[in-house]
Every structure is written in structure tokens, then in C-alpha cells.
Amino acid sequence: MKEQAQSGKIQTDTFLAQIGNHQNPVTGSINTPIYFSTTYEHPTLGESTGYDYTRTKNPTREIVESALATLENGAVGLATSSGMSAVQLVISQFPVGSQIVASRDLYGGSYRYFKELEKQGMYQFIYVDDEAGFEKEITDQTAAVFIETPTNPLMREISIEHIAVFAKKYQAQVIVDNTFYTPLIQRPLDLGADVVVHSATKYLGGHNDLLAGAVIARSKEVGEQLAYSLNTTGAVLSPFDSWLLIRGMKTLSLRMERHEKNAQAVAEYLNNNEQVKEVFYPGRGGMLSFKLKKQASIKEFLRNLSIFTFAESLGGVESLITYPTTQTHADIPEALRESYGLTSDLLRISTGIEASEDLIADLKQAFEK
């Protein structure tokens with residue numbers, strides 16, 4: 001199945017629906033079995049079935065890791081215990097003292113982790129706003145470039161291809177967080193990136209019932225080094241969560257179509273709403289943000305919503321609305337947030353798969369109360 005997908009013999013939709021199928025000849029089971037076993041029998045001294053200890057390799061996790069690699073067109077896929085453990089894994093490749101140039105407008109959890117690494121004297125992070133900023137700051141002292149595109153939560157797109165070409169001049173590794181777009185909208189490795197990370201908790205899982213991360217490497221060499229580090233540190237995805245991720249990915253294509261359709265409709269509505277100051281939507285994907293003209297009305301507006309849930313996270317089938325100032329980006333100092341546009345009048349929406357008419361009606365009644 002993997003070979004067929006990579007050769008273009010089947011479409012991505014078919015590949016997703018078939019993840020884990022035709023891989024159990026003994027039973028013929030359609031659903032991927034969950035292998036809870038911690039350890040595995042060795043046939044005899046010096047021999048192995050290929051499975052020895054579940055942290056190192058697990059049959060259920062192996063299926064989802066292979067699927068991740070295929071979807072992102074990479075050589076090696078790894079499933080981790082959370083999105084942040086995926087970020088930690090890729091950053092830990094670099095020796096102490098390394099310089100990393102990163103998107104300024106990025107997930108608050110990534111920023112918090114990067115600041116902690118700086119505090120410990122391990123790495124130097126330089127933050128930039130756009131492609132010109134990356135070009136200015138990437139030098140022969142740069143070990144890696146960390147990109148979110150679109151950025152979180154201002155939804156600014158950055159050309160991965162452009163930055164990758166520039167970074168290669170200095171042998172800097174290009175890492176892209178592809179959580180928002182997923183490989184159905186954007187494949188960073190095809191655009192020149194070296195490593196892709198996901199919070200698989202979000203769109204890949206898709207049901208707000210799973211904590212997971214993903215790392216996909218373009219080269220076998222980098223992938224094997226990351227796999228060694230993951231086995232050493234142990235932040236692997238559990239067998240049951242691997243199964244949940246497989247189940248979620250089977251409907252990824254269907255869900256992303258509806259997420260995007262709903263986001264486009266909601267963005268259009270907000271763009272024509274007199275109480276909205278500005279809308280941030282790149283035209284693709286299911287995420288958007290907007291600023292209200294009256295910041296003081298935010299609390300009442302959130303209280304009045306009945307379909308949208310005021311909660312952190314994104315990418316699930318249910319529509320969520322988030323206030324980054326006190327939730328996802330609370331660890332970024334206010335002055336810094338304000339300096340690049342993440343102001344206290346901004347709300348972020350993750351459109352679910354409900355009827356777009358109902359989502360718009362919910363926003364409308366919340367504005368009018």
C-alpha cells in the first residue's frame with residue numbers, strides 16, 4: 001500500500017482510508033490490532049522477530065509511523081507522545097550553543113520551551129517576522145530554521161521553498177511545523193524542508209480524544225538519528241493512542257474539506273461584520289483569527305456562544321474558539337505579543353465540521369446579544 005501511494009498508483013484519499021488494512025493475513029482483520037505487549041519473545045539466542053521492547057518498536061505504532069512518512073513524502077516517520085515532545089525531539093539534535101532562527105508568531109508552547117532552553121544556556125533563538133527577516137538572520141552560525149506556516153495565531157504564510165533554498169547555502173536544517181495545514185494542503189519536505197513536525201493531537205487525530213505528536217524526516221540518515229534519540233529518551237506514542245491516530249487519519253481528507261469550507265464561510269461573514277476590526281485567514285485550511293473593535297465585549301461574546309466551545313486546542317470535529325492572550329499564548333510577555341500584532345482583542349477559531357450555516361448563526365446571535 002505504501003509503495004502504491006508513493007508511486008502515485010492510488011490517491012491520497014484511498015491511502016488514508018486503507019491505513020492498516022491488508023496487513024493482517026492470519027486473521028484478515030480490517031481494524032489494526034492494538035499490540036499492548038511491552039515485550040516480545042526471542043525465538044532463540046541471537047534471533048529476534050524484529051520486535052523486542054515496545055518503546056523501541058511496536059506493531060501498532062509502526063503502522064501509523066509508516067503512514068505519516070508516506071503522507072509527508074518522507075523517509076522516516078515517528079509518532080511521539082505529544083506535539084511538544086515532537087518539537088523537543090527535533091531541537092535536541094543540535095549541540096549545546098547552537099543558534100536557531102524561528103518564526104516570531106508561533107505557538108505559545110513552542111515559545112515557552114525555547115525560552116526555557118535559552119534560560120538554561122543551551123541554545124540561542126533569533127525570532128523573525130517574515131522571509132526578509134529569515135534572510136537577514138540566517139548565517140553560517142545558524143544550525144536550524146524553525147518555521148510555522150501559517151503562523152499561530154496571525155495566520156501569516158511564509159514561503160518554505162524560498163527559505164529552504166536560502167538556508168541550504170549555510171547548511172542549516174529547515175524544520176516546519178505543519179500542524180495547521182496537514183500534508184493534504186502543504187508538504188514541506190517537497191518544498192525543501194528537512195524535517196516536519198505535527199501536533200497530531202490536532203487535525204491528524206481530529207477528534208479531541210488523543211495527545212500525540214509526529215516527526216517526519218526527508219532523509220533516512222536524519223530519520224534514523226531521530227529514531228535513535230526517540231528510543232533513548234522514550235517519549236513514544238502508546239499503542240492505544242497509535243490506534244486512535246490511525247482511526248482519525250482515515251477520515252482526514254473528508255474532514256479537511258469541511259474544515260476549509262466552513263472556515264471560508266465564517267471568514268466571509270466576519271469580514272462583513274461591523275463589530276469586527278480585522279480578519280486573518282490565508283484562504284486555505286480550517287483556522288482563522290479575528291480582532292474585535294471593542295475588546296471589552298470579548299467576555300460577553302464568548303459567554304453567548306452555544307455551538308462554538310471556548311477552549312484551547314484545534315483541529316477537532318467540534319468548532320472551538322480560543323483567546324490566545326490568556327490561553328495558548330499566555331506565556332509570551334504582553335509587550336512582545338503586542339509588538340508583532342498579537343493584541344488582546346484577538347480571538348482564534350478552529351472551524352469544525354458542523355453546518356456552516358449553524359456556525360454563522362451562532363456567531364451572529366452572540367454578537368447581537
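Visitor: Where is Thr351 found?

Guide: In this predicted model, Thr351 is found in the loop between β12 (346-350) and α14 (356-368).

Visitor: Is Thr351 buried or exposed?

Guide: The general idea is a cut-off: a residue is buried if its relative accessible area is under 20%. Thr351 has a relative accessible area of 0%, so Thr351 is buried.

Visitor: With which residues is Thr351 in contact?

Guide: Neighbours within four places in sequence are left aside here. The contacts of Thr351 are then His259, Asn262, Ala263, Val266, Gly286, Leu288, Gly316 and Ser319. As for polar atoms, the Thr351 side chain reaches the backbone oxygen of Gly286 at 2.9 Å.

Visitor: Now Glu318. Where is the place of Glu318, and how is its accessibility to be read?

Guide: Glu318 sits in the loop between β10 (309-310) and β11 (320-322). Partly exposed is the class between buried, under 20%, and exposed, over 50%. At 34% relative accessibility, Glu318 therefore counts as partly exposed.

Visitor: What does Glu318 touch?

Guide: Not counting residues up to four places away in sequence, Glu318 touches Asn208, Ser350, Gly352 and Glu354. With Asn208 there is a polar contact, side chain to side chain, at 2.8 Å. Thr44, by contrast, is 51 Å from Glu318 in space, C-alpha to C-alpha, and 274 residues from Glu318 in sequence.

Visitor: What sheet holds the strands β10, β11 and β12?

Guide: Strands of a sheet pair through backbone hydrogen bonds, either parallel or antiparallel. Here there is an open sheet of 5 strands, in the order β8-β9-β12-β11-β10, and its pairing is mixed. The edge strands are β8 (276-280) and β10, each of which pairs on one side only.

Visitor: In what sense do β10 and β11 pair?

Guide: They pair in the parallel sense, over 2 bridges. Within this pair of strands, Thr309 stands opposite Leu320 in β11.

Visitor: Turn to β7. How many residues of strand β7 are buried?

Guide: The count is 5 of the 5 residues, 213-217, so strand β7 is largely enclosed by the rest of the structure. The two faces can be read separately: Gly213, Val215 and Ala217 lie on one side, Ala214 and Ile216 on the other, and all are buried.

Visitor: Which strands pair with β7?

Guide: Strand β1 (residues 76-80) pairs with β7 in the antiparallel sense over 5 bridges. Strand β6 (residues 195-199) also pairs with β7 in the antiparallel sense, over 5 bridges. To place the strands residue by residue, look at Ala214 in β7: Ala79 stands opposite Ala214, and so does His198. Further along, Val76 stands opposite Ala217 in β7.

Visitor: How many residues of β1 are buried?

Guide: In β1, 5 of the 5 residues are buried, so this strand is largely enclosed by the rest of the structure. Val76, Leu78 and Thr80 are on one side and Gly77 and Ala79 on the other, and both faces are covered.

Visitor: And a helix? How many residues of helix α10 are buried?

Guide: An α-helix has 3.6 residues a turn, so residues three or four places apart point the same way. In helix α10 (residues 239-249), 8 of the 11 residues are buried, so the helix is largely enclosed by the rest of the structure. The buried residues are Pro239, Ser242, Trp243, Leu244, Leu245, Ile246, Gly248 and Met249. They pack against α2 (12-17), α3 (59-71) and α11 (252-271).

Visitor: What is in the loop between α2 and α3?

Guide: Thr38 has its place in that loop. Its relative accessible area is 42%, so Thr38 is partly exposed. Not counting residues up to four places away in sequence, Thr38 touches Asp52, Tyr53 and Thr54. Between Thr38 and Gln275 there are 56 Å in space, C-alpha to C-alpha, and the two are 237 residues apart in sequence.

Visitor: Last, the largest pocket. What volume does the largest pocket have?

Guide: Its volume is about 360 Å³. Of the 24 residues that line this pocket, Tyr107, Asp177, Thr179, Ser199 and Lys202 are the closest to its centre. α4 (83-91) and β6 each supply at least two residues of the lining. By class, the lining divides into 8 nonpolar, 11 polar and 5 charged residues.

Note on methods
Residues are numbered from 1 along each chain as its sequence is written. This is a predicted model: local features need pLDDT of at least 70, side-chain atom pairs count only at pLDDT 80 or more; totals for chains, interfaces and linings use all residues. Side-chain values use heavy atoms; hydrogens and water are left out. Helices (H or I, at least four residues) and strands (E, at least two) are DSSP runs, numbered from the N terminus. Buried means under 20% relative accessible area, exposed over 50%, partly exposed in between (1.4 Å probe, protein chains only). Contact means heavy atoms within 4.5 Å. A polar contact is a pair of N or O atoms within 3.5 Å; within protein, one must be able to donate a hydrogen and the other to accept it, and residues adjacent in sequence count only if both atoms are side-chain atoms. Two strands pair if DSSP finds at least two bridges between them. On a 1 Å grid over the protein atoms alone, a cavity is a set of points where a 1.4 Å probe fits but cannot get out, and a pocket is an open set with protein on both sides within 12 Å along at least five of seven lines; lining residues have an atom within 4 Å of a point. Grid points are joined across faces, edges and corners, and a volume is the space filled by probe spheres set on the points. Ala, Val, Leu, Ile, Met, Phe, Trp, Tyr, Cys and Pro count as nonpolar, Asp, Glu, Lys and Arg as charged, and the others, Gly among them, as polar.
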